[in-house]
Amino acid sequence: HDLHIDRFINYAAFDMFCALALGQFTQTVDADHAVPEGLEFVDCCSRAFSSAGVLMVDPLQFYISDRHTQFTRDMDRSLGLARNKTQVFQFLVVLVRIWTPFTVVLPLISVLADPNSLLS
């Protein structure tokens with residue numbers, strides 16, 4: 001990649017997160033080994049959060065620009081990519097529940113797989 005420092009930091013943070021949370025090293029910083037979905041996810045999130053910042057600082061942008069449409073499009077795409085990535089993780093959680101006799105650990109794994117379960 002011919003990366004600027006901000007994109008490099010975004011990709012490096014994503015690589016570290018995936019390595020720790022999902023046990024996968026996406027290598028988005030390394031152009032020769034990067035996972036295309038990982039690159040797209042990082043770029044969509046970055047654009048979505050940038051649009052969100054503009055919309056929070058200047059709510060008039062909802063009406064005079066297409067920032068809200070850009071935000072919605074990028075956020076929807078990033079959430080879709082995240083769901084695809086975590087489906088594999090959720091499958092592994094099911095396997096752990098079936099094969100692991102240590103039931104004390106299972107609620108923690110469930111919360112990691114579906115953080116929204118804490119809200120319900």
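Author: Quick definition before we dig in: a helix here is a DSSP run of H or I with at least four residues, and helices are numbered from the N terminus. Also, this is a predicted model.

Reader: Fine. Where is Glu-37 found, then?

Author: Glu-37 sits in helix α2.

Reader: Is Glu-37 buried or exposed, or somewhere in between?

Author: In between. Glu-37 has a relative accessible area of 45%, so it counts as partly exposed. Its C-alpha is separated by 9.0 Å from that of Thr-26, and the two are eleven residues apart along the chain.

Reader: Let's zoom out. How many helices and strands are in the chain?

Author: Five helices and zero strands. Reading from the N terminus, the order of elements is α-α-α-α-α.

Reader: And what percentage of the residues count as buried?

Author: The chain has 120 residues, and 24% of them count as buried. As for contacts between residues at least 6 apart in sequence, 40% join residues at least 24 apart.

Reader: Okay, packing. At what angle do the axes of α1 and α2 cross?

Author: Roughly 120°, with the axes coming within 10 Å. Helix α1 covers residues 5-21 and helix α2 covers residues 36-57. The crossing angle makes α1 oblique to α2.

Reader: Left-handed or right-handed crossing?

Author: Right-handed, as α1 passes α2.

Reader: Which residues make the contact?

Author: On the α1 side, Arg-7, Asn-10, Tyr-11 and Phe-14. On the α2 side, Gly-38, Leu-39, Phe-41, Val-42, Asp-43 and Ser-46. By type, the residues of this contact split into five nonpolar, three polar and two charged.

Reader: What's in the largest nonpolar core?

Author: Nine residues: Tyr-11, Phe-14, Cys-18, Ala-34, Leu-39, Phe-41, Val-42, Cys-45 and Leu-81. Two elements, α1 and α2, give two or more residues to this core. The largest share comes from α2, with four residues.

Reader: Ala-34 caught my eye. What is Ala-34 in contact with, leaving aside neighbours within four places in sequence?

Author: Thr-26, Gln-27, Thr-28 and Leu-39. That last one, Leu-39, is also listed in the core.

Reader: New topic: Asp-74. Where is Asp-74 found?

Author: In helix α4.

Reader: Buried or exposed?

Author: Asp-74 is at 4% relative accessibility, so it counts as buried. Not counting residues up to four places away in sequence, Asp-74 touches Cys-44, Arg-47 and Ala-48.

Reader: What about Leu-79, which helix is the place of that one?

Author: Helix α4, which runs over residues 67-99. Leu-79 counts as partly exposed because its relative accessibility is 37%.

Reader: How many Å apart in space are Leu-79 and Phe-41?

Author: They are 8.4 Å apart, C-alpha to C-alpha, with their positions 38 residues apart in sequence. Phe-41 is one of the core residues too.

Reader: Last one: where does Gln-61 lie?

Author: In helix α3, residues 61-64.

Reader: And why does Gln-61 count the way it does, buried or exposed?

Author: Gln-61 is buried, because its relative accessibility is 17% and the cut-off for buried is under 20%.

Reader: Which residues is Gln-61 in contact with, again leaving aside the neighbours within four places in sequence?

Author: Val-54, Leu-55 and Arg-67.

Key: Residues numbered from 1 in each chain as written. Predicted model: local features only at pLDDT ≥ 70, side-chain atom pairs only at ≥ 80, totals over all residues. Heavy atoms only, no water. Axes fitted to C-alpha atoms, helices over the stretch in contact; angles between N-to-C directions. Parallel < 35°, antiparallel > 145°, perpendicular 65-115°, else oblique. Left-handed = near helix turned anticlockwise from the far one by under 90°. Contact = heavy atoms within 4.5 Å. Nonpolar A, V, L, I, M, F, W, Y, C, P; charged D, E, K, R; others polar. Core = buried A, V, L, I, M, F, W, Y, C linked by side-chain atoms within 4.5 Å. Buried < 20%, exposed > 50% of the residue type's maximum accessible area, 1.4 Å probe, protein only.
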